[in-house]
Amino acid sequence: FTVDPAIVGGRVLLALAEEDREEVHRRLWAVAQALRLTEAECYLVTERLTVLALAGRPVALVAPDGSGGVRETRALASLRGLLNEQTGWALVAVDPLARWAGGGVEKDNEIATRYVQVIESLCDAPGHPTALTAHHSSKLARRADEADTRGVTALSDGFRWEATLRETDGGVAFMQKKS
């Protein structure tokens, strides 16, 4: 595997709400080793990858407004500001949904729909990146050796695309559930 700068030219933002800097460093080093990236390829990755390691910090992009509605947060304004500081974004990934969406998202369709809209709005950043959010499966699905989208239907219905990962005997199964 090699990184071709002519093909992979966009910037990537990984916004990780469960990892600290040390964990991110360990994982990226392990990925680079597993892919046998050259020093030049590692340099390309570091030039194009921005990682926010935000374990323990409040990162909810939406929150209840106190009158039954949903409001955008300072965390969202900061994220948009960061994206607008650079050009050429290809991908924005936030992980996990439960932390980035804030309270009530898995129980309230209005909050979940507003969160989906906020994630979609990140596609307006310079470069018009793809925006992805990772989410957990329900306990029931995991007990049945399956994978699903935990929470209200607005989460699976609202997003344009959905895929799941689950462990198998020989590795990991990827299943596109919605397109």
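## Exercises on a predicted protein model

A nonpolar patch of about 540 Å² lies on the surface and is formed by Leu 132, Trp 161, Leu 165, Val 172 and Phe 174. The structure is a predicted model. It has seven helices and eight strands.

**Exercise 1.** Determine where Trp 161, a member of the nonpolar patch, is found, and classify its exposure.

*Solution.*
1. Trp 161 belongs to the loop between α7 (153–158) and β7 (162–168).
2. The relative accessible area of Trp 161 is 40%.
3. Buried means under 20% and exposed means over 50%. Trp 161 is therefore partly exposed.

**Exercise 2.** Identify the buried residues of helix α3 (residues 74–84), and explain how they are arranged around the helix axis.

*Solution.*
1. Leu 76, Leu 79 and Leu 83 are the buried residues of α3.
2. These residues cover an arc of only 60° around the axis, so they lie on the same side of α3.
3. The general rule behind such a pattern is that an α-helix has 3.6 residues a turn, so residues three or four places apart point the same way.
4. On the other side of α3, the exposed residues are Arg 74, Ala 77, Ser 78 and Asn 84.
5. The cover over the buried residues of α3 includes the strands β1 (11–16), β2 (49–53), β4 (70–72) and β5 (89–95), together with the helix α5 (109–121).

**Exercise 3.** Describe the largest nonpolar core, and state which element gives the most to it.

*Solution.*
1. This core has 29 residues.
2. Among the residues with the most contacts inside the core are Leu 83, Tyr 115, Ile 119 and Leu 122.
3. Two or more residues come from each of β1, α3, β5, α4 (97–101) and α5.
4. Helix α5 gives the most, with six residues.
5. Leu 122 can be followed further: leaving aside residues up to four places away in sequence, it touches Leu 76, Leu 79, Arg 80, Leu 83, Val 92, Pro 129 and Ala 131. Leu 76, Leu 79 and Leu 83 are the buried residues of α3 named in Exercise 2.

**Exercise 4.** Analyse the salt bridges that Glu 23 forms with Arg 26 and Arg 27.

*Solution.*
1. Side chains of opposite charge can pair when their charged atoms come close.
2. In the salt bridge between Arg 26 and Glu 23, the closest N and O atoms are 2.8 Å apart.
3. Glu 23 also meets Arg 27 in a salt bridge, at 2.8 Å from N to O.
4. Arg 26 and Glu 23 are three residues apart in helix α1 (residues 21–34), and therefore about one helical turn separates them. Glu 23 and Arg 27 are four residues apart in α1, which also corresponds to about one helical turn.
5. The relative accessibility is 23% for Glu 23, 47% for Arg 26 and 45% for Arg 27. Each of these residues counts as partly exposed.
6. A network of salt bridges links Glu 19, Glu 23, Arg 26 and Arg 27.

**Exercise 5.** Describe the salt bridge between Arg 80 and Glu 72, and state how many salt bridges the whole structure contains.

*Solution.*
1. The closest N and O atoms of Arg 80 and Glu 72 are 2.9 Å apart.
2. Arg 80 is partly exposed, at 27% relative accessibility, and Glu 72 is partly exposed at 34%.
3. Arg 80 is also one of the residues that Leu 122 touches.
4. A search of the whole structure finds five salt bridges.

Methods: Residues are numbered from 1 along each chain as its sequence is written. This is a predicted model: local features need pLDDT of at least 70, side-chain atom pairs count only at pLDDT 80 or more; totals for chains, interfaces and linings use all residues. Side-chain values use heavy atoms; hydrogens and water are left out. Buried means under 20% relative accessible area, exposed over 50%, partly exposed in between (1.4 Å probe, protein chains only). The arc is that of the directions from the helix axis to the C-beta atoms. Contact means heavy atoms within 4.5 Å. Patches are made of residues with over 30% relative accessible area and no salt bridge: like charges are joined within 9 Å, nonpolar side chains (Val, Leu, Ile, Met, Phe, Trp, Tyr) within 5 Å. Accessible areas come from the Shrake-Rupley method with a 1.4 Å probe; for residues, only the protein chains shown count as cover. A salt bridge is a side-chain nitrogen of Lys or Arg within 4 Å of a carboxyl oxygen of Asp or Glu. A nonpolar core is a set of buried Ala, Val, Leu, Ile, Met, Phe, Trp, Tyr and Cys residues joined through side-chain atoms within 4.5 Å.
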